[in-house]
Amino acid sequence: MPTSIINYKSVVIKQQKCRLNRSGLYDTQRWRKESRLFLKLNPLCVECLAYNITEQARVVDHILPHNGSEELFWDAANWQSLCTQHHNTKSAKEKKKRVY
Ligand SMILES: [Zn+2]
């Protein structure tokens with residue numbers, strides 16, 4: 001029955017969206033490609049630069065936490081380059097702030 005296939009597909013798409021809304025966006029080829037390009041264009045950690053330290057950035061960080069919002073996630077204006085240390089510090093702070 002074609003209708004049941006359509007129903008099945010929409011359920012799968014819903015499930016995939018749920019997974020994407022968590023952290024799955026990072027697992028996409030698009031993110032890998034775009035974040036790599038961003039780091040190429042912005043190779044230095046912005047937090048370190050604020051202290052006149054030149055440190056190679058390893059992570060593309062979201063300035064405003066996207067919390068699963070694809071709009072915020074893909075908005076390059078919301079991206080910044082961070083070194084691993086600064087990214088870990090920021091992520092730890094954000095986790096503390098988050099209210100469940
Ligand atoms: Zn840094």
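**Elements, burial and backbone of a predicted chain**

The chain holds 5 helices and 2 strands, where helices (H or I, at least four residues) and strands (E, at least two) are DSSP runs numbered from the N terminus. This is a predicted model, in which local features need pLDDT of at least 70 and side-chain atom pairs count only at pLDDT 80 or more, while totals for chains, interfaces and linings use all residues. Residues are numbered from 1 along each chain as its sequence is written.

User: In what order do the elements of the chain run from the N terminus on?
Analyst: The elements to be placed are 5 helices and 2 strands. Read from the N terminus, their order is α-α-α-β-α-β-α.

User: What percentage of the 100 residues of the chain count as buried?
Analyst: A residue is buried if 20 or more other C-beta atoms lie within 10 Å of its own, exposed if 12 or fewer, and partly exposed in between, with C-beta atoms placed from the backbone. Of the 100 residues of the chain, the share that counts as buried is 9%.

User: Why does helix H2 lie largely in the open?
Analyst: Helix H2 covers residues 29-41 and has 13 residues. From its first C-alpha to its last it reaches 18 Å, close to the 18 Å expected at 1.5 Å a residue (the expected span is 1.5 Å times one less than the number of residues). H2 lies largely in the open because the number of its 13 residues that are buried is 0.

User: Which residues does glutamine 80 touch, not counting those up to four places away in sequence?
Analyst: Glutamine 80 belongs to strand S2 (residues 79-82). It has 19 C-beta neighbours inside 10 Å and so counts as partly exposed. Contact requires that the C-beta atoms of two residues, placed from the backbone, lie within 7 Å. By that criterion, glutamine 80 touches Val46, Asp61 and Ile63.

User: Is asparagine 52 buried or exposed?
Analyst: Asparagine 52 sits in the loop between helix H3 (46-50) and strand S1 (59-62). Although it is not a glycine, its phi is positive, at about 60°. Within 10 Å there are 6 other C-beta atoms, so asparagine 52 is exposed.

User: What is the phi of asparagine 67?
Analyst: Most residues other than glycine have a negative phi. Asparagine 67, in the loop between S1 and helix H4 (70-74), counts as exposed because it has 11 C-beta neighbours inside 10 Å. Its phi is positive, in a residue other than glycine, and is near 45°.
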